[in-house]
Amino acid sequence: MDTFIGIRFKKETAKRFQQFSRTHFKSHTEAMAVMLDFFFYNEISPREKLGPTGRTIEANLKKRINAVIAIMRDMEKTQTKPTVAMIESLFQTEAPTKKPLILEKKYAEEKPKIRFQEKKNRNNEL
């Protein structure tokens, strides 16, 4: 059986460690060993900050995404929509309204209507 040694901690710190140890590990010894190994293998100090937490990274990403969305909306309003409207107006073709052509009247080509004509046959045929 392993031997134990007593270490003195302040009461508040000892209670915090016990609560943490109970939720994550089987024994207090295992919790302390894992914590020491973590700092030893990663070569970091417990006093160092590891950088931004998940919440701060998420908040920064949301800010950047909102900024990108605002930029894209502005581009759409000021550049894309007007350009598309101009291009569409160039390609839209309206059917030309058909107007009657203005031509010279050529009297020589027109044949006058014959109002009266002599009978060719006596059988009343024309």
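**Exercise 1. Work out how much surface the protein chain exposes and what supplies it.**

Step one: the protein chain exposes about 14000 Å², an area from the Shrake-Rupley method with a 1.4 Å probe. Step two: carbon and sulfur atoms supply 57% of that. Step three: buried residues (under 20% relative accessible area) make up 2% of the 126 residues.

Before you go on, this is a predicted model, where local features need pLDDT of at least 70, side-chain atom pairs count only at pLDDT 80 or more, and totals for chains, interfaces and linings use all residues. Residues are numbered from 1 along each chain as its sequence is written, and side-chain values use heavy atoms, with hydrogens and water left out.

**Exercise 2. List the elements of the chain in order.**

Start by counting: there are 3 helices and 0 strands, both being DSSP runs (helices H or I, at least four residues; strands E, at least two). Then read from the N terminus: the order is α-α-α.

**Exercise 3. Find Glu43 and describe its backbone and its exposure.**

First, place it: Glu43 is in the loop between H2 and helix H3 (54-91). Next, check phi: Glu43 has a positive value of about 50 degrees, although it isn't a glycine. Last, at 71% relative accessibility, Glu43 counts as exposed (the cut-off is over 50%).

Notes
Buried means under 20% relative accessible area, exposed over 50%, partly exposed in between (1.4 Å probe, protein chains only).
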